[in-house]
Amino acid sequence: MLFDTHAHMDDHAFDEDRQALLESFPSQGIALLMNPGCSLETSRHAVEEARQYDYIYAAVGSHPDAALEVDDQVLETYRQLCRENPKVRAIGEIGLDYHYEDVPRALQQKAFRAQLALAQELDLPVIIHDREAHEDCLRILEDFPQVRGVFHCYSGSAEMARQLTAKGWYVGFTGVLTFKNARKALEAAAVVPIDRIVLETDCPYMSPEPFRGKRNDPGRIYRMAETLAQVRGLSVEEIEKITLENGKRLYRIP
């Protein structure tokens, strides 16, 4: 059984068949699924899906692309969603994204700090989006020493992964592990402590080989488990069990 620790099932790519998919995943070996918000709207959708399906949990937060919406009212809404819904287990997806810079860096950083402060207040883990912003991301996190969580869709070096996991962070690996040009991801997956690795689809994006270029969904997370098993010299069954328990520990799921 597998835990897809990052699946955007509220994405419009699933509008035509979302319910059928969500009902089918347990029979495909998906024991648990974390659906993180990327905005106030998608966070509300994630909470609603967690209410409807026993195996789904939610996170609430504003992605750096939605940083402009983060104000006191939005933060209060997130606070209430966390307090009123026991299946909300994290703040996320939050962080920094300097790839396109559609939102100025200063505003991204302000929203990131505000949501880290909320996670610290509520004693919740965070789901970090870090794209081409490693230095600033780590610098800001130093100001919140009590906050931990996962660097999702990990794209950093093996050495950075070692440093993060030594501090108590988890790292999430996606279908990138299966790509032919996945040298950095594979190097990191080979050396970080096995009890700090979680698997994720980041669907509908990042579809693994041989499905690259097609819509991704949690039913394809087995490909990441197969690749990680090869990298670590373990059986697929061992990887499934280890990463399931890692995800449950990360999100404090009994």
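Contact is taken here to mean heavy atoms within 4.5 Å. By this criterion, and leaving aside residues up to four places away in sequence, Leu-107 touches Ala-67 and Leu-68 in the predicted model. Leu-107 belongs to helix 4. With a relative accessible area of 36%, Leu-107 is partly exposed, because that class lies between the limits of under 20% for buried and over 50% for exposed residues. Leu-107 and Ile-253 are separated by 146 residues in sequence, and their C-alpha atoms lie 33 Å apart in space.

Helix 4, which spans residues 105-122, connects two strands: together with strand 4 and strand 5 it makes a right-handed β-α-β unit. Strand 4 comprises residues 88-97. Ten of its ten residues are buried, so strand 4 is largely enclosed by the rest of the structure. Strand 3 (residues 56-60) runs parallel to strand 4 and is joined to it by three bridges. Within this pairing, Ala-58 stands opposite Val-88 of strand 4.

Strand 4 also pairs with strand 5 in the parallel sense, over five bridges. Two of the facing positions can be named: Ile-91 stands opposite Val-126 of strand 5, and Ile-94 stands opposite Ile-128 of strand 5. Strand 5 covers residues 126-131 and is mostly covered, with five of its six residues buried.

Strand 5 is in turn joined to strand 6 (residues 149-151) by three bridges, and these two strands run parallel. In strand 6, Phe-151 is the bridge partner of Ile-128. The chain passes from strand 5 to strand 6 through helix 5 (residues 134-141), in a β-α-β crossover that is right-handed. Ile-128 therefore has a partner in each of two strands, since Ile-94 stands opposite it in the pairing with strand 4 and Phe-151 is its bridge partner in strand 6.

Ile-128 and Phe-151 also take part in the lining of an internal space. A search of the whole structure finds one cavity of 30 Å³ or more, and about 30 Å³ of space lies in the largest cavity. Its lining consists of Ile-128, Asp-130, His-134, Phe-151, His-152, Tyr-154 and Ser-155. By residue class, this lining divides into three nonpolar, three polar and one charged. The charged member is Asp-130, because Asp is counted among the charged residues. Ile-128, Phe-151 and Tyr-154 make up the nonpolar part, because Ile, Phe and Tyr are counted as nonpolar.

How values were computed
Residues numbered from 1 in each chain as written. Predicted model: local features only at pLDDT ≥ 70, side-chain atom pairs only at ≥ 80, totals over all residues. Heavy atoms only, no water. 1 Å grid on protein atoms, 1.4 Å probe; cavity = no way out; pocket = protein on both sides within 12 Å on 5 of 7 lines; lining within 4 Å. Points joined across faces, edges and corners; volume = space filled by probe spheres on them. Buried < 20%, exposed > 50% of the residue type's maximum accessible area, 1.4 Å probe, protein only. Helix = DSSP H or I, 4+ residues; strand = E, 2+ residues; numbered from the N terminus. Right-handed = clockwise from strand over helix to strand, strands pointing away.
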